[in-house]
Amino acid sequence: MEGFAQLLREARGPYFFSSFPSFLFSSFGGNDGPSLPQRGQYRPGPGLHPQSADMIFTSLPLRDKIFYKIIHIMSSLIQVQNLSKIYDNEGVKTTALSNADFRIEKGEFVSIMGPSGSGKSTLMQILGLLDKPSEGKYFFEGRDTTTFDDDTLANFRNKKIGFIFQAFNLLPRTSVYENVELPLLYDEEPENGKNKGKIMAALQAVDMEHRVNYFSNQLSGGEKQRVAIARALVNNPDVVFADEPTGNLDSKSGLRIMKILQDLNETGHTIILVTHETYTAEHAKRILYLKDGEIIADDPVKNRRFAHNGELLK
Ligand SMILES: Nc1ncnc2c1ncn2[C@@H]1O[C@H](COP(=O)(O)OP(=O)(O)OP(=O)(O)O)[C@@H](O)[C@H]1O
Ligand SMILES: [Mg+2]
């Protein structure tokens with residue numbers, strides 16, 4: 001067991017475990033209830049079918065089950081356990097989130113859906129390390145974020161996470177270039193020589209290079225959101241959180257944003273999208289449903305929608 005403990009001490013994230021057989025990650029037996037959102041998400045590959053993996057897992061000795069369970073937590077991009085958020089305003093308590101339990105793997109595209117007030121933004125703020133849960137655990141790349149100090153949180157947010165909001169949140173009277181540059185200015189080790197290349201590449205990804213010298217207030221809503229996406233991308237984050245990114249846009253601009261998010265996902269970014277619209281949510285591969293702060297369903301999208309140059313293909 002000491003060998004295993006050493007292995008875990010040295011582990012730094014999911015990449016460490018990437019050499020483990022894929023079936024170890026595909027399923028974990030039948031007793032995990034709602035914490036197994038991946039079951040319907042099995043992607044065919046060289047590994048075993050989940051049912052076979054279940055049979056193998058069930059037959060393992062308890063010690064090995066515990067070991068692989070720990071590996072499983074550490075291999076997920078995001079894992080939350082019994083996550084709750086209770087706001088306390090001068091004694092008035094509001095439970096915005098209760099006992100959330102799920103995992104999100106690297107490369108997924110997940111929508112978080114639910115009616116107004118169901119806790120979507122609360123959950124996204126916690127997952128994006130902008131807020132802390134009242135109870136429960138949140139592991140990001142296998143690390144328990146509830147133990148992070150403020151510097152570590154800020155560093156993770158800046159390096160690994162990109163945000164897109166409904167209201168764009170661009171700095172007014174500031175150029176497109178400077179808005180996209182902003183996350184790079186927080187960098188501890190600035191690579192000034194490389195900043196321009198990064199900024200132009202991010203603008204190119206959203207087809208906005210031609211507006212690089214415009215001020216943000218000279219752009220249309222759809223253009224503002226594309227610049228906001230470029231800003232979210234400029235540090236090449238592992239995961240992009242988008243809270244109602246199409247909420248303030250007409251349907252054509254909205255589809256263009258969804259196309260960008262789908263393309264980003266195709267190139268390896270994990271996307272977590274908050275929306276209250278089924279139509280928008282169905283551009284993801286999986287939907288988590290929230291109601292009154294509880295996750296009431298977690299399903300793969302059966303007929304996924306694909307946005308294509310502002311038109312709906314399917
Ligand atoms: N700072 C706060 N203090 C007290 N209660 C809050 C606070 N922020 C949110 N809430 C409450 O928590 C619940 C969840 O809010 P949240 O913003 O997460 O909902 P949402 O699903 O994002 O809704 P919408 O679709 O309207 O954006 C709501 O009842 C809200 O009133
Ligand atoms: Mg919200």
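**Figure 1. The shell around ligand 1, sorted by residue class.** In this predicted model, the shell around ligand 1 contains ten polar residues, two nonpolar residues and one charged residue. The residues that surround ligand 1 number 13, and the closest are Tyr 87, Ala 96, Ser 116, Ser 121 and Thr 122. Three elements each give two or more residues to this shell: the strands β1 (78–89) and β2 (92–104) and the helix α5 (120–127). The greatest contribution comes from α5, which supplies three residues.

**Figure 2. Helix α5 and its surroundings.** The helix that gives the most to the shell around ligand 1 is itself mostly covered, with seven of its eight residues buried. These buried residues are Lys 120, Thr 122, Leu 123, Met 124, Gln 125, Ile 126 and Leu 127. Of these, Thr 122 is also among the residues closest to ligand 1. The helix α5 lies across four strands, namely β3, β7 (239–243), β8 and β9 (286–291). Relative to β8, α5 runs at about 155 degrees. After α5 comes Leu 129, whose phi is positive, near 65 degrees.

**Figure 3. The six-stranded sheet.** The chain has eleven helices and twelve strands. Six strands form an open sheet with mixed pairing, in the order β6-β7-β8-β3-β9-β10. The edges are occupied by β6 (161–165) and β10 (294–300); each has a single partner strand, so one side of each is left without a neighbour in the sheet. From one strand to the next, the twist averages 15 degrees. Within the sheet, β3 (residues 109–113) and β8 (residues 270–275) run parallel and are joined by five bridges. Ser 111 stands opposite Leu 273 in β8. The helix α9 (residues 221–233) lies across β6 and β7, and runs at about 165 degrees to β6.

**Figure 4. The largest nonpolar core and Phe 241.** In the chain of 314 residues, 37% are buried. The largest nonpolar core has 63 residues, and those with the most contacts inside it are Ile 112, Ala 230, Phe 241 and Ile 272. Leaving out residues up to four places away in sequence, Phe 241 touches Met 124, Leu 127, Gly 128, Ile 161, Phe 163 and Ile 272. Two of these partners, Met 124 and Leu 127, are buried residues of α5. Among contacts between residues at least 6 apart in sequence, 71% join residues at least 24 apart.

**Figure 5. Leu 170, a buried loop residue.** Leu 170 lies in the loop between β6 and α7 (176–185). Leu 170 counts as buried because it has 21 C-beta neighbours inside 10 Å, where the cut-off is 20 or more. Apart from neighbours within four places in sequence, Leu 170 is in contact with Asn 179, Ser 216, Lys 224, Val 227 and Ala 228. The C-alpha atoms of Leu 170 and Leu 182 are separated by 10.0 Å, and these two residues are twelve residues apart along the chain.

**Figure 6. Pro 245, a second buried loop residue.** Pro 245 lies in the loop between β7 and α10 (251–266). This proline has 27 C-beta neighbours inside 10 Å and therefore counts as buried. With residues up to four places away in sequence set aside, Pro 245 touches Ile 164, Gln 166, Gln 225 and Ile 257. Pro 245 and Ile 164 are 81 residues apart along the chain, yet their C-alpha atoms are separated by 6.3 Å.

Key:
Residues numbered from 1 in each chain as written. Chains lettered and ligands numbered in written order. Predicted model: local features only at pLDDT ≥ 70, side-chain atom pairs only at ≥ 80, totals over all residues. Core = buried A, V, L, I, M, F, W, Y, C linked by C-beta atoms within 7 Å. Buried ≥ 20, exposed ≤ 12 C-beta atoms within 10 Å, placed from the backbone. Contact = placed C-beta atoms within 7 Å. Near = placed C-beta within 6 Å. Nonpolar A, V, L, I, M, F, W, Y, C, P; charged D, E, K, R; others polar. Pairing = 2+ DSSP bridges. Axes fitted to C-alpha atoms, helices over the stretch in contact; angles between N-to-C directions.
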